[in-house]
Amino acid sequence: MDYYRRISPFILPHLKDRALTLKRYPNGVDEEYFYEKRCPSNRPAWIKTARITRDEGEQMTVCLVNDLDTLIWVENLASLELHVPLAKAAFPETPDSMVFDLDPGDSADVLDCARVALILRDLLLELRLASYVKTSGRKGLHVYVPLNRRDATFEDTKKFSKSVSEVLQRNYPDLVTVKMAKELRTRKVFINWSQNDHSKTMICVYSLRAQDKPTVSFPLSWEELEDSASRRDSGRFDILHSEALRRVEKEGNLFQEVLVKKQKLPYL
Amino acid sequence: MKGTRSAPLPSKLSANRGKDTAEQGIWSGTVSFSLVAIPVRLVRAVEPDRVSFRMLHSRDYSPLLRRMVCPEEEKIVPAEEIIRGYEITPGKYLLITDEELESVSPERSRTIEIIEFIDMKDVDSIYYDHPYYLVPLKGGEKSYSLLAEVMRRADKAGLAKFVLGEREYLVAVKSTGSALSLITLHYCDEILGDEDIVPEEARIEPEETSRMKRIIKGMISDFNPDKYADKRREKILTLLKKKARETAPVEAPEVEEEEGEGPADLIAMLQKSMRKVKKNR
């Protein structure tokens, strides 16, 4: 429980004003879990909430984690993992970032993801787009392209990320796939561009992951990722909460730019 | 939807139907009474046995969608324009907001609180609504088995109130074999009366009663549900298996979302940039 208190200065800016999805493990991480988007109705009065409309037209109250007290309260609900959408609750159709969710298929690993991430970074740089990478806290990597523009739409980020993913697949057919089907992912990295949707959520940067090892979804500098990839050191992608706390003191918020950098997607 | 494989059906047509869905919990919490608290998960106990079909467009085999259509405008109504009304007389509605509905919905809870133990024989099957199993969670195994065993021997069931989804249900927690099961019960005012059904009392001769008794006695047997099966379902499955062997399935057209390329300009630019990247690597 102490982890979130100590990481709060770093994680709170990334949770702020976003509809929180709780992944709850009421009986511990070995037991079953469920996702809860609704803010529990027995919440204390001081919890900030927002009303959002679901696809079926149904209204729903969601929690906003804007301060330390709320973060601690959320933790006490036995909610280890904090998932948030790419848009803020007040502007649910305006993504602040475009994301590429890199997920290794069977017999592929995080080093394959790192290769794809580096190619992706270079391709985006050619298009004058800066990107930022974090571990998923499991086996994958998440590459974020900050937009932070009021005119951004999920339609655009979807179209753009899909085109980029297809071009990567076409050029690296043995490494990259955009096919969701499990059997087509073997030995390849699946680029899930469809996360760029108002109904989807991503694990928040600095969030814990619920599994045996207390890993964290942690931001990496491209230099570190390049270094780990060239040494083929997959262990360096597993960042435990103790290491995360040590590193943020030194490195600061490596995902800061994701919140502020303004970029426009070209050729749309 | 890829349809070129020769036998796409076997996994769907195999016997262990519903195995994985049964594992998924609908709710978890505790069954409690007095000082006892048993951590449990609620899972479905039955799965409708129907073979379901998709509706397709006969011309191109596209799977069809259901949409809300306004008969006035003959247009699809988007979700944000859909609201709720309660019809008081034909064509007249009271509008009800989500907030108003939420304000009368019960608080969700994590407990199934047993109020009293009753004789299951007293509950007419007309009250039975929907059955579930309760599965013990870690640490609850012993008290779970104990409660199941004691209730089974005494033929008692625990009557409880339980909030699932938006509704509060009256439920009976009982034993089924060595497991605990839960059955939601209809509320009294949901049950239709039998006044119009029972005929006026007619005079019955004692020999008529004893003849009826004899007939029934002659037909008495143990309840063996596995003697009976849905014949139509079996026939449909046999038919589908035969079809899967003999004919190729029709294929739905690719949905544009899935396979359509991005805008040509963008793809061309990306491809050009990709070539540069490859050269520099």
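I will talk about one helix of chain A, the contact between chains A and B, and one buried residue. Before that, please keep in mind that this is a predicted model, in which local features need pLDDT of at least 70 and side-chain atom pairs count only at pLDDT 80 or more, while totals for chains, interfaces and linings use all residues. Residues are numbered from 1 along each chain as its sequence is written, and chains are lettered from A and ligands numbered from 1 in the order in which they are written.

Let me start with helix α3 of chain A, residues 110-126, where helices (H or I, at least four residues) and strands (E, at least two) are DSSP runs, numbered from the N terminus. This helix has 17 residues and spans 24 Å from its first C-alpha to its last, close to the 24 Å expected at 1.5 Å a residue, the expectation being 1.5 Å times one less than the number of residues. Among its buried residues are A:V116, A:A117, A:L120, A:L123 and A:L124; buried here is 20 or more other C-beta atoms within 10 Å of the residue's own, with C-beta atoms placed from the backbone. After α3(A) comes A:R128, with a positive phi near 60°.

Now to the contact between the chains, to which chain B gives 25 residues and chain A gives 27, contact being C-beta atoms, placed from the backbone, within 7 Å. On the chain B side, the elements that give two or more residues are β2 (36-44) and α8 (264-280), and the largest share, 10 residues, comes from α8(B).

How do α3(A) and α8(B) cross? Their axes, lines fitted to C-alpha atoms over the stretch in contact, with angles from 0 to 180 degrees between N-to-C directions, come within 9 Å and cross at roughly 120°. That angle makes α3(A) oblique to α8(B), since angles under 35 degrees count as roughly parallel, over 145 as roughly antiparallel, 65 to 115 as roughly perpendicular and the rest as oblique. In this pairing A:I119, A:D122, A:L123 and A:E126 meet B:S273, B:M274, B:K276 and B:V277.

Finally, I turn to A:V248, which is found in helix α6 of chain A, residues 241-251, and which counts as buried because it has 20 C-beta neighbours inside 10 Å. Leaving aside neighbours within four places in sequence, A:V248 is in contact with A:I7 and A:F10. The C-alpha atoms of A:V248 and A:F10 are separated by 7.8 Å, although the two residues are 238 apart along the chain.

Note on methods:
Buried ≥ 20, exposed ≤ 12 C-beta atoms within 10 Å, placed from the backbone. Contact = placed C-beta atoms within 7 Å.
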